[in-house]
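Thank you all for coming. I would like to walk you through one structure this morning, beginning with the ligand and then moving on to the sheet and the helices that pack on it.

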Amino acid sequence: MKKWIQKKAADFHRSTEEMQAFYDRIHQMYWFVERHIRPGLVDVLSTLDGKLDMSGAPTVLEYCCGSGLLSMQLATRFFHVTGRDLSEKMLQRATRLAQNHTNITFETGNVLNITDPPDSFDFAFISFGLHLFGPDDRKQILKQLLRVVSREVVIIEHPPQWQWLIAVMEWLEGSHYTDFINTEWHAVAKELDAELKWEIIAKTQVLRWRAQ
Ligand SMILES: C[S@@+](CC[C@H](N)C(=O)[O-])C[C@H]1O[C@@H](n2cnc3c(N)ncnc32)[C@H](O)[C@@H]1O
């Protein structure tokens, strides 16, 4: 059954253009999603406060930043945040919502094509974005993010348990959520030669990756 689900999910892959068009189309309704995920993100960041190495003036690369919910949380803690997303419309919303944060730069960028030089940032974050991609892309994304940061890659995701609202959103997005929650993360970490810490914070999965 698990193999069948994973095969189905792997076969079903939205193109970059479709994904961009989807988010461009729904950006005005994204307030509904924001309302649902904001409290969890706030709790996750507060819990991470004592756990991340914040020495110096740490910088963050955030991919799939969407409307900037996480970017704004990061901006109050990090020296500078670079938020990238495929969707111009989501970035416009992010720029408007985060106008009081002068240490965030929003720019278009495809997480499937990360070309920054090694160690360009201290941290990388993705919230509720990695499950959009199939297993091979997820691995490639993690590999590239581990290459461009000197400290940690932090992945924030929905809980492993099924929830109706998440299921509806995932169905609309055409995401790989079902096989994402079945991923053997520790095997992926071994393959990428990375250290992985996995925990549930505020009913949210938090995966912290560090190159060995
Ligand atoms: C579910 S939203 C999450 C947004 C935000 N991180 C949050 O927590 O609210 C997923 C975001 O990923 C973006 N996205 C999808 N595919 C992408 C890609 N290949 N490169 C960059 N961003 C992408 C979408 O445009 C969308 O804004």
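Which helices each supply at least two residues of the shell around the ligand? Please keep in mind that what you see is a predicted model. The helices are α2, residues 16–26, and α4, residues 69–75, and it is α2 that gives the largest share of that shell, with three residues. In total, 22 residues surround the ligand, and the closest are Y23, C64, G66, S87 and S127. As for the character of this shell, 14 of its residues are nonpolar and seven are polar, while one is charged.

Let me turn now to the sheet, which is open, has seven strands with mixed pairing, and follows the order β3-β2-β1-β4-β5-β7-β6. At its edges lie β3, residues 104–108, and β6, residues 194–201, each of which pairs on one side only. Averaged over the sheet and with direction ignored, neighbouring strands are turned by 20° against each other.

Within the sheet, I would point you to β1, residues 59–63, which pairs with β4, residues 121–127, in the parallel sense over four bridges, and here Y63 stands opposite I126 in β4.

Finally, we come to two helices that go with this sheet. Helix α5, residues 88–97, packs on the sheet by touching β2, residues 80–85, and β3, and its direction makes about 165° with that of β3. Helix α6, residues 135–148, lies across β1, β4, β5, β6 and β7, and α6 runs at about 145° to β5, the strand of residues 149–157.

Notes. Residues numbered from 1 in each chain as written. Predicted model: local features only at pLDDT ≥ 70, side-chain atom pairs only at ≥ 80, totals over all residues. Near = placed C-beta within 6 Å. Nonpolar A, V, L, I, M, F, W, Y, C, P; charged D, E, K, R; others polar. Pairing = 2+ DSSP bridges. Axes fitted to C-alpha atoms, helices over the stretch in contact; angles between N-to-C directions. Contact = placed C-beta atoms within 7 Å.
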